[in-house]
Amino acid sequence: MSQQIEVLSAGILVADHVCTPIEHLPAAGELVLAERILLTLGGCAANVAVDLAKMGVAVGVAGRVGGDVSGRVVADMLRENHIDVSLVTSSAHADTSQTLIVNVAGQDRRFIHTFGANAEFSASDIPHDAVSRCRVLYVGGYFLMPNLRDEEVIPLFEAAHRAGALVVLDVVIPKPGDYVSRLERLLPHVDVFLPNNDEAAVMSGENDPARQADLFHRLGAKTAVVTLGGKGSVLVGARERLKAGVYPTQMVDGSGGGDAFDAGFIYGLLHGMSAEDCLRFASALGASCVRAVGTTTGVFTKAECEVFMQEHSLRVESW
């Protein structure tokens with residue numbers, strides 16, 4: 001890579017089309033007005049990279065875009081955030097992955113998504129030498145990239161560990177399937193696993209977040225964190241079992257909140273924080289994200305985060 005990085009953020013890159021909250025979903029043939037519709041960055045790898053860059057972390061991204069206008073927008077936005085894009089590859093055949101995010105006031109988001117170039121992304125797009133020169137390898141959107149195969153990813157995770165780096169994994173679940181057998185292979189090579197409650201339910205068959213986190217830890221993840229949106233998070237590690245609440249915030253758009261949580265947790269790891277403090281920083285960035293439309297727009301800078309955490313406390317308790 002063209003610069004020294006602390007975190008290599010690999011995985012899905014998306015051009016998001018997101019609207020400000022509308023009063024209701026349009027009926028067939030109906031026009032509903034939104035105050036704004038934005039074309040912006042999206043996808044786990046892009047979101048986590050931008051959020052970490054806002055916190056003063058040197059980040060590089062590995063992923064695929066198309067050779068279209070949307071691909072240029074994604075790459076330009078990453079560069080504008082001082083992110084190394086030397087491992088962002090342009091596909092000769094596929095369009096850039098895109099998501100239409102529909103926000104209805106008082107309701108959860110609705111998504112229409114196309115795989116696009118993310119479907120081509122493979123382990124060969126993540127060079128071993130880049131993995132060996134970072135402090136954290138983050139892979140986001142796993143299971144949404146059909147060409148990213150477990151047997152090829154595991155050697156990358158092993159290379160990261162040999163170089164002293166931590167491995168952080170997050171997922172996106174496109175449909176029901178046999179995920180436990182894949183997690184049995186993957187999670188013994190993962191330091192922190194960060195699914196949300198809905199994803200964890202599909203993967204595990206369990207609805208209780210504590211049981212979900214416990215299962216993922218037993219399958220091999222050194223630390224498993226299940227995020228619960230506005231209800232906080234649950235963590236299971238080798239020496240701790242923790243439940244965290246949420247910071248006060250005004251919900252405008254939940255898009256990217258989970259990725260911001262991931263970025264905050266990674267920030268804590270980079271600074272040698274305890275599991276409790278990792279949860280606090282993760283929760284702070286997650287809360288900041290949902291204040292504005294777009295996946296990264298509202299996320300705190302480092303200075304803003306420090307002021308916010310001085311003014312607010314978060315209860316984290318053992319269970």
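The following dialogue examines sheets, helix packing, burial and backbone geometry in a predicted model.

Trainee: How are the strands of a sheet held together, and what is the order of the strands in the open sheet of ten?

Mentor: In general, strands of a sheet pair through backbone hydrogen bonds, in either a parallel or an antiparallel sense. Here the ten strands follow the order 5-4-1-8-9-10-11-12-13-14, and the pairing is mixed. Strand 5 (84-91) and strand 14 (316-318) are the edge strands, each pairing on one side only.

Trainee: Which strands does strand 4 pair with in the parallel sense, and over how many bridges?

Mentor: Strand 4 pairs with strand 1 in the parallel sense over four bridges, and S9 stands opposite V61 of strand 4. Strand 4 also runs parallel to strand 5, to which six bridges join it. In that pairing, G60 has D84 of strand 5 as its bridge partner.

Trainee: What joins strand 9 to strand 10?

Mentor: Two bridges do so, between strand 9 (residues 166-171) and strand 10 (residues 192-193), and these strands run parallel. V168 stands opposite V192 of strand 10.

Trainee: How many residues of strand 4 are buried, and which of them lie on each side?

Mentor: Eight of the eight residues of strand 4 are buried, and the strand is described as mostly covered. On one side the buried residues are V59, V61, G63 and V65, and on the other they are G60, A62, R64 and G66, so that both faces are covered. Helix 1 (residues 44-54) lies across strand 4 (59-66), as well as strand 1 (7-11) and strand 8 (136-142). The direction of helix 1 is at about 160 degrees to that of strand 1.

Trainee: How is the open sheet of four strands arranged?

Mentor: Its order is 3-2-6-7, with mixed pairing. Strand 3 (37-42) and strand 7 (110-114) each have a single partner strand, so one side of each is left without a neighbour in the sheet. From one strand to the next, the twist averages 20 degrees. Strand 2 (residues 14-19) and strand 3 run antiparallel and are joined by six bridges; C19 stands opposite I37 in strand 3. Helix 2 (residues 69-80) packs on this sheet, where it touches strand 2, strand 3 and strand 6 (98-102). The direction of helix 2 makes about 70 degrees with that of strand 3.

Trainee: How should one read the packing of helix 9 and helix 10?

Mentor: A general point about helices comes first. An α-helix has 3.6 residues a turn, so residues three or four places apart point the same way. In this model, R280, F281, A284 and L285 of helix 9 meet C305, F308 and M309 of helix 10. By type, the contact residues comprise six nonpolar, no polar and one charged. Helix 9 (residues 275-289) and helix 10 (residues 302-311) pack at an angle of about 110 degrees, with their axes 11 Å apart. The two helices are therefore roughly perpendicular to each other, and their crossing is right-handed.

Trainee: Is helix 7 largely enclosed or largely open, and why?

Mentor: Helix 7 is largely enclosed by the rest of the structure, because seven of its ten residues are buried. These buried residues are P209, A210, Q212, A213, D214, L215 and F216. They pack against helix 5 (180-186), strand 10, helix 6 (197-204), strand 11 (223-227), strand 12 (233-236) and strand 13 (241-244).

Trainee: Where does D214 lie, and what does D214 touch?

Mentor: D214 lies in helix 7 (residues 209-218). With a relative accessibility of 17%, D214 counts as buried, since the cut-off for burial is under 20%. Leaving aside residues up to four places away in sequence, D214 touches V236 and R241.

Trainee: What is the phi of H82, and what is that of F143?

Mentor: As a general rule, most residues other than glycine have a negative phi. H82, which is not a glycine, has a positive phi near 65 degrees. F143, also not a glycine, has a positive phi of about 85 degrees.

Trainee: Where do H82 and F143 lie, and is each buried or exposed?

Mentor: H82 is in the loop between helix 2 and strand 5, and at 67% relative accessibility H82 counts as exposed. F143 is in the loop between strand 8 and helix 4 (150-162). With a relative accessible area of 10%, F143 is buried.

Key. Residues are numbered from 1 along each chain as its sequence is written. This is a predicted model: local features need pLDDT of at least 70, side-chain atom pairs count only at pLDDT 80 or more; totals for chains, interfaces and linings use all residues. Side-chain values use heavy atoms; hydrogens and water are left out. Axes are lines fitted to C-alpha atoms, for helices over the stretch in contact, and angles run from 0 to 180 degrees between N-to-C directions. Angles under 35 degrees count as roughly parallel, over 145 as roughly antiparallel, 65 to 115 as roughly perpendicular and the rest as oblique. A crossing is left-handed if the near helix is turned anticlockwise from the far one by less than a right angle, and right-handed if clockwise. Contact means heavy atoms within 4.5 Å. Ala, Val, Leu, Ile, Met, Phe, Trp, Tyr, Cys and Pro count as nonpolar, Asp, Glu, Lys and Arg as charged, and the others, Gly among them, as polar. Two strands pair if DSSP finds at least two bridges between them. Buried means under 20% relative accessible area, exposed over 50%, partly exposed in between (1.4 Å probe, protein chains only).
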